[in-house]
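Trainee: I've just opened this one and I'd like to go through it with you. Can I ask how we know the things we say about it?

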Amino acid sequence: MKNVLTIAEREVRTYFTSPLAYVILGVFLMLSGYIFWASLVRFSVLCQQYGNNPYVFNQLNVNDMVIRPLFGSMGVIFLLMIPVITMRLMAEERRTGTAELLFTCPITTGQVILGKYLGAAFLLLVMLGATLSYPLLIMASSAKPDMKPTLVGYLGVLLMGLAFLGIGLLVSAMTENQIIAAVGAFGALLMLWAVSWVADSVTVTVAGLLNTASFGLWEKLNLGLGGPTLGDLLNKISITEHFQDFRKGLLDTEHVVFYLSVVFFSLFLTQRVVESRRWRG
Amino acid sequence: MIEVAGLTKLYGSRAAVGGINFSVSKGEILGFLGPNGAGKTTTMRILTGYVPPTSGTARVGGFDVQDSPIEVKKRIGYLPEHPPLYTEMLVRPFLRFAARLRGVPRKDQNGRVDRAIDRCGLQPVAGRLIGNLSKGYQQRVGLAQAILHDPDVLILDEPTVGLDPSQIREIRQLIKSFAGEHTVILSTHILAEVTMTCNRVLIINEGKIAADETMERLRARGERTQRIAVRLARPPADPEGALRAVPGVLSVTRETTPDGSFAVEMDSARDAREEIARLAVTQGWGLLEMRAITLSLEDIFIRIIRGEEAAA
């Protein structure tokens, strides 16, 4: 654990002694702040318009109209920015030769990777922590947002960000080129995002697909052709589909487990990739 | 301290290291000598646990590099060919980071860092950005990083590359000062470096060990066959044939300079110099010069690499 923290601490120092952390924080706060402000303005205009119409006025809800869209847009911003946070993690070590220092010190590959991941996760926490000021700003006004769904939303954004970081780290370990690492991670994340878009139209069942692939053997073995469709499966692996419940303020362990397994699995694969690259020299 | 047996590393079908064996005892300074691409760096990377071998074993301090890499890495200080430095860090924090990674106890860290800075002459730059340092200072930071934890074994891959002559001398002095308590392996393709710092040399060529000898024995090789240079004012019509006829002479070659110089190789058991002198005087060739040529280390090295001289 001591070694992990040593690596993580150096990673955090690197982020914050270079302009990188400040640019990322600045851009993130600017975009999310603007979106927050814009939806707040729209909300207050609507409140004024329907102030004397109690039916509509009671439908207006600061959680639904300001905070929920805010989490949605944070997800999109993460999709674009997290590849930039993770691109240098392993790729740069390899390019500059400092990997040779890390891997000839008495620490394990897993410790190096976990340390790097925690360093990047710290930057993510700082980014999200800074946006906690938005709901606090609303609370200072007369509107009273419901804090429980807000915190659940934050948990969701954090978990999604952590999953993105894991995938970004994995791609970074595959190359020495930071641009390739960033583009690769962006592509992977976008794919995992878009994969559910066709979910509703894909109605063939998974079992049916396996039956076709095994030339009817599946059916002969009486394994059944019903069950979930391919679309259901795509929905399950979509990294954003699991975020929808968090946005609504619903806390479901299924989604928590999903994100944590993405993190665990990508860290595990990163360790394998780094080890295998050592064998190849 | 270090035992290497049948070590092989294949990259695809090409063998970077093809089954080498050697051992180094405590306190020795071993020079790895060989042309570029001979397998020096690969061997060092295997010893430090950075690259796993394809087959064979390497043991450091009794621990196998493959089976207990952490124990091996604790005992090794390593300076790779390109010093592994985080250019965006200051010298002192970088060394502290390295000390923590190398497992130096917290209370000793400051002392060890100060000592390494002292030994490598880094005081003037201790507070500067590594990226802004000259190549020489960067190399020293790399060396400081390797000696921080007082390792039993120090592995240095071309430690003097890119340094100016006075820096090279300082680094060599520094390396020499490790002899006795530490075991040092250093690689180089500069012979003078081996002559000055090492007490044993391992010549590697094309992934194989071409020679493994102490410096004294390597030098003695130069004297095994005796060569002399002979210069004549009026050489005979067939000087090669005439000199060849002298008992004990093995070969005669005319030097490329047009002033009647010949290189004569003799059997070391039978000194033909006296006979050649007498012949020159009686035949009136006009002997101007006769001197012994001892093979320089460069010559020996090149001969070994070309395989002209069988490995001992």
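**How do we know?**

Mentor: Let's start with E206(B), which counts as partly exposed because 16 C-beta neighbours lie inside 10 Å. Keep in mind that this is a predicted model.

Trainee: Why is E206(B) called partly exposed?

Mentor: Buried needs 20 or more other C-beta atoms within 10 Å, and exposed means 12 or fewer. E206(B) has 16, so it lands in between. It sits in the loop between β9 (200-205) and β10 (208-214) of chain B.

Trainee: What is the sign of phi in E206(B)?

Mentor: Positive: phi of E206(B) is near 50 degrees, and the residue is not a glycine. Most residues other than glycine have a negative phi.

Trainee: And E158(B), is that one buried or exposed?

Mentor: E158(B) is buried, because 22 other C-beta atoms lie within 10 Å and the cut-off is 20 or more. E158(B) also has a positive phi, about 50 degrees, without being a glycine. Its place is the loop between β7 and α6 (165-176) of chain B.

Trainee: How do you know that I185(B) is buried?

Mentor: Same kind of count: I185(B) has 27 C-beta neighbours inside 10 Å, so with a cut-off of 20 or more it is buried. I185(B) belongs to strand β8 (residues 183-188) of chain B.

Trainee: Which residues is I185(B) in contact with, leaving aside neighbours within four places in sequence?

Mentor: V24(B), L30(B), F32(B), M44(B) and I155(B). There's a distance to look at too: the C-alpha atoms of I185(B) and D157(B) are separated by 8.3 Å, while the two residues are 28 apart along the chain.

Trainee: What makes you say that both faces of strand β6 of chain B are covered?

Mentor: Look at each side of β6(B), residues 76-79. I76(B) and Y78(B) are on one side, G77(B) and L79(B) are on the other, and all of them are buried. In a regular strand the side chains alternate between the two faces of the sheet.

Trainee: How do you know that β6(B) and β7(B) pair?

Mentor: Pairing takes at least two bridges, and β6(B) and strand β7 (residues 153-157) of chain B have four, so they pair, in the parallel sense. Within that pair, Y78(B) stands opposite I155(B) of β7(B).

Trainee: What about β11(B) and β13(B), how many bridges join them?

Mentor: Six bridges join β11 (residues 226-232) to β13 (residues 261-266) of chain B, so the cut-off of at least two is met, and the strands run antiparallel. R227(B) has E265(B) in β13(B) as its bridge partner.

Trainee: Which sheet are those two strands part of?

Mentor: An open sheet of four strands in chain B, in the order β12-β13-β11-β14, with antiparallel pairing.

Trainee: Why are β12 and β14 of chain B called edge strands?

Mentor: Because β12 (249-254) and β14 (287-293) of chain B each pair on one side only. From one strand to the next, the twist averages 20 degrees. Helix α10 (residues 273-283) of chain B lies across β11 and β14 of chain B, and it runs at about 170 degrees to β14(B).

Trainee: Which domains does chain B have?

Mentor: The domain assignment gives domain 1 (2-220) and domain 2 (224-293) for chain B. Taken over C-alpha atoms, their centres are 47 Å apart.

Trainee: Now chain A. How many helices and strands does it have?

Mentor: Chain A has 15 helices and zero strands. Of its 281 residues, 34% are buried, and its C-alpha trace spans about 75 × 65 × 30 Å along the principal axes.

Trainee: How do α7(A) and α9(A) cross?

Mentor: The axes of α7 (residues 109-131) and α9 (residues 147-172) of chain A come within 10 Å and cross at roughly 145 degrees. The crossing is right-handed. Among the residues that meet there are A120(A) and L124(A) from α7(A), and L158(A) and L162(A) from α9(A). By class, that contact has eleven nonpolar, two polar and one charged residues.

Trainee: Last one: how many residues of chains A and B are in contact with each other?

Mentor: 18 residues of chain A are in contact with 22 of chain B. On the chain A side, α1(A) gives the most, with five residues. That side has six nonpolar, nine polar and three charged residues.

Key:
Residues numbered from 1 in each chain as written. Chains lettered and ligands numbered in written order. Predicted model: local features only at pLDDT ≥ 70, side-chain atom pairs only at ≥ 80, totals over all residues. Contact = placed C-beta atoms within 7 Å. Nonpolar A, V, L, I, M, F, W, Y, C, P; charged D, E, K, R; others polar. Domains from an automatic or database assignment. Axes fitted to C-alpha atoms, helices over the stretch in contact; angles between N-to-C directions. Left-handed = near helix turned anticlockwise from the far one by under 90°.
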